[in-house]
Amino acid sequence: MNKNESKYFNTAIKMDQSFLELLEKKDFAYITVKEICHEADVNRSTFYLHYETLDDLLKESVEYMNRHFLEHMGQDSRNFVNKINDCSKDELYLITPKYLKPYLSYIKRNKRLFLTAIKKAKVLQLNQSYSQLFQHVLMPILDCYQVPQEERKYIMSFYIQGIIAIITQWLKDDCKEEIEFVMQVIQRCIKQPKGNL
């Protein structure tokens, strides 16, 4: 990466950080390009060099946060897959507390961003983001159960939509319920009878 590319990306990071800081103080609908530029100490033309709209910045911020979370969780992925391979099917269910608790904690810490993202889910293609996010958790289990390839997209969609619905309700309630309670609700909804998927 040359000096100009580095400056370009550093400026984008400054705008992302300014946006996230503003989002902690006020709703997305009331944030302006002018405020972001002021907070990031860049001019308006610099903003439009990077983004066409505030929705573009929101989308990039959500992607950045999901990537950051996946990098954190990815450190444990191999151990998770090995554990799945070593345990019986009776011990498996699709969302384990080990993965669910850190994700719910992450959402709670960044609840304004995630609530804004859910409100603009269509613009942000949020379903695709969640698909990528949960893929490393769900796919190894579907492999273990030898679920046919053609069924997997439907099963993934079912689980992801259900989890999104629960998380959306939790966010709308300002994350008032404890994380452990939300985990129990999700697990109760998705837990399968023994030996079935």
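**Salt bridges, helix faces and cysteines**

Student: How does K26 count at 24% relative accessibility: buried, partly exposed or exposed?
Tutor: K26 has a relative accessibility of 24%. A word on the source: this is a predicted model, where local features need pLDDT of at least 70 and side-chain atom pairs count only at pLDDT 80 or more, while totals for chains, interfaces and linings use all residues. Residues are numbered from 1 along each chain as its sequence is written, and side-chain values use heavy atoms, with hydrogens and water left out. Since buried means under 20% relative accessible area, exposed over 50% and partly exposed in between (1.4 Å probe, protein chains only), K26 counts as partly exposed.

Student: Which residue forms a salt bridge with K26?
Tutor: Here a salt bridge is a side-chain nitrogen of Lys or Arg within 4 Å of a carboxyl oxygen of Asp or Glu. The closest N and O atoms of the K26 pair are 2.6 Å apart. The partner has a relative accessible area of 24%, so E35 is partly exposed. The residue you want is therefore E35.

Student: How many residues apart are R112 and D27?
Tutor: R112 and D27 form a salt bridge, with their closest N and O atoms 3.0 Å apart. R112 lies in helix α7 (residues 111-119) and D27 in the loop between α1 (3-25) and α2, so this pair links distant parts of the chain; helices (H or I, at least four residues) and strands (E, at least two) are DSSP runs numbered from the N terminus. The separation of R112 and D27 is 85 residues.

Student: And which residue does K101 pair with in a salt bridge?
Tutor: The closest N and O atoms of that pair are 2.9 Å apart. K101 is in helix α6 (residues 97-109) and its partner is in helix α11 (residues 179-190), so the bridge ties together parts that are 79 residues apart in sequence. At 39% relative accessibility K101 is partly exposed, and at 35% so is its partner, E180.

Student: Why do V33, I36, C37 and A40 sit on the same side of α2, and what arc do they cover?
Tutor: These four residues of helix α2 (residues 33-40) are buried. An α-helix has 3.6 residues a turn, so residues three or four places apart point the same way. On the other side of α2, K34 and H38 are exposed. Taking the directions from the helix axis to the C-beta atoms, the buried four lie on the same side because they cover an arc of only 95°.

Student: How many disulfides does the structure hold?
Tutor: A disulfide is a covalent bond between the sulfur atoms of two cysteines, and here the criterion is a pair of cysteine sulfur atoms within 2.5 Å. C37 is buried, with a relative accessible area of 5%, whereas C189 counts as exposed at 54%. The number of disulfides in the structure is 0.

Student: Which residues is H50 in contact with, leaving aside its neighbours within four places in sequence?
Tutor: H50 lies in helix α3 (residues 44-50) and counts as buried at 15% relative accessibility. With contact meaning heavy atoms within 4.5 Å, the residues that H50 touches are Y8, T11, A12 and M15.

Student: What distance separates the C-alpha atoms of Y106 and M65?
Tutor: Y106 belongs to helix α6 and is buried, with a relative accessible area of 6%. Y106 and M65 are 41 residues apart along the chain, and their C-alpha atoms are separated by 9.3 Å.
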